[in-house]
Amino acid sequence: MRGYYLRYVQVLLRFFPLAVAFLRDRRRFLLFGPSRHVSTAVHRNRAQQLTETMLDLGPAFIKVGQVLSTRPDIVPPTYVEEFATLQDEVPEEAGGDPMTVVEAELEDVIDLETLEPVAGGSLAFVYTAAYEGERIALKVRRPGIVAVIERDLRVIRGLVPLLLLLADERQRYSIENLAGDFEDIILEELDFARESSIMAEIDDNFADDDRIVVPDTYPDLCSERVVAMEYVEGRKITDERALAAVGIEPTEMATLIARTYLKMGLIDGVFHADPHPGNLSVTDDGRLVIYDYGMSQRLTADEQADITALYRTLVRRDVDGLLNTLIALEVLDPAVDRVQVRQVLELVIESLEGRSEVTWRQIITELFARLHEFPFRIPPNVMLLMRVGTVGEGVCRTLDPDFDFLGVTRSFLVDHGFIESELETLLSDVRDDLRASLPVLARTPARFDTVFGQLERGELVVRTEPVESPTGGDPAVGYAVLAGALFVAASVLIFHEGSLEIVAGVGGILLLGQYLRKRHHQ
């Protein structure tokens, strides 16, 4: 407990200056005074300070920043963008020497003299080693990291009541739910047995696709603290020279990445949720390699169907479908005022349709910014899929700045039968309209017969107000308009083969003559 209290005070002191700054935004002198207007530049500077503080405080707070980078319901866009920088390199000091784990669990089966360090992170370290004549990779959890994380999770829970004092009323519902959701995500990431299981499952799902490489696992060597896998070399996905060397266009690779992650989430129901550039590479023969499955998730059949519906309704700009899906996903409470929410969603769609270019991040940011007036939360699975969309889109647009993520998503949904093509959608809408109109059409003859009977018996009287006849109009003007159109057509057709320009010219002359005759009679 002593370690907990010391850590709590340490964390509190680190965040205290920023907390005071946020409080002064509401009341200039903390307890009284007007609110302050804060520029974007100031917010960006604060976001950078928060990012640096999270890096200094270690793994649990780094993960907090990573989670917040996908939570536009809690933090403004400026902070979301800055927290997204926590996706790459992180400090390696916390948690102890992972070599002690290798020695404890694999000394009898691995020649420790062949061990070579490859990469390190806040939770684990990666080595390569010789095993049965092959080179394998070992992802090893830092030995003391679980105790460090659990202590910091308690600290974060203790900070939530203070955060609620800083938050406005609309954010409190999300913050209260965030602490529990965050614990589930990070504790699952610490379970390496779960990671190796999901990794093997995703590998099976792409067994028939030779463009995707998911390193094979060695189940006999895997444990709660170690993931043993095939060692697959590759160059960073954002290395233009690497793609050029294997003859792959950046747009082609971006499309492959987008469709791969859509398949994981919408078809397979088990997905890798951390597609930042450090976890993606390209092999010498042009295949896409996906590393590090710590942040990954399985979906139930119902969750998969609801999330597929979310993508479909967003792509089709289906307001009613989007509302129903948000309720089904438990983002919105079923008792929410549907009329008001629908009006908000219509504003979201109108705002997006007015832009020349729409990205997935813009959709998510706009959607949740508009929903702030309603109590809502983002469940962990939805949050991770949002992360896949925003982070994955960022990688794709790094490869190709003009990459149309939504266009690829629509194409994927059409290819797999989740939505119809444009023609099929039109026909479907016509069928729906006809189906809705059939009961009315069926009753129409009987209604006509009733109305005509009333007219014949003099029981129906129609009264109208006299309307002044228009003045100043020229009933012959229609001939002049048609004549002018034919003369224009003749001038265009004169440059084409055939003699259609003669027909158009003669028609124009005849109509012009008719116009002059009418004007003469007037």
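This briefing covers salt bridges, a paired strand and a helix near the end of the numbered elements listed here. The model is predicted. The count of salt bridges comes to 20. One of them ties together parts that are 145 residues apart in sequence. Strand 5 is largely enclosed by the rest of the structure, because four of its five residues are buried. Helix 16 has its buried residues on the same side.

**Salt bridge between helix 6 and helix 1**
- Asp152 and Arg7 meet through their side chains in a salt bridge, at 2.8 Å from N to O.
- Asp152 belongs to helix 6 (residues 145-166) and Arg7 to helix 1 (residues 2-26), so the pair links parts that are 145 residues apart in sequence.
- Asp152 has a relative accessible area of 0%, so it is buried.
- Arg7 also counts as buried, at 9% relative accessibility, because the cut-off for buried is under 20%.

**Other salt bridges**
- Arg194 pairs with Glu188 in a salt bridge, with 3.4 Å from N to O.
- Arg194 counts as buried at 16% relative accessibility, whereas Glu188 counts as partly exposed at 28%.
- Arg235 forms a salt bridge with Asp239, and their closest N and O atoms are 3.2 Å apart.
- Here Arg235 is the partly exposed partner, at 36% relative accessibility, while Asp239 is buried, at 19%.
- Arg7, Arg151 and Asp152 are joined into one network by salt bridges that share partners.

**Strand 5 and its partner**
- Strand 5 spans residues 226-230, and four of these five residues are buried.
- Strand 3 (residues 134-141) pairs with strand 5 in the antiparallel sense.
- The pairing runs over five bridges.
- Across the two strands, Ala137 stands opposite Met229 of strand 5.

**Helix 16**
- In helix 16 (residues 405-415) the buried residues are Phe405, Leu406, Val408, Thr409, Phe412 and Leu413.
- These residues cover an arc of only 160° around the axis, so they lie on the same side of helix 16.
- The buried residues of helix 16 pack against four helices: helix 10 (250-268), helix 11 (301-316), helix 14 (360-370) and helix 15 (380-399).
- Gly417 follows helix 16, and its phi is positive, near 75°.

Note on methods
Residues numbered from 1 in each chain as written. Predicted model: local features only at pLDDT ≥ 70, side-chain atom pairs only at ≥ 80, totals over all residues. Heavy atoms only, no water. Salt bridge = Lys/Arg side-chain N within 4 Å of Asp/Glu carboxyl O. Buried < 20%, exposed > 50% of the residue type's maximum accessible area, 1.4 Å probe, protein only. Pairing = 2+ DSSP bridges. Arc of directions from axis to C-beta. Contact = heavy atoms within 4.5 Å.
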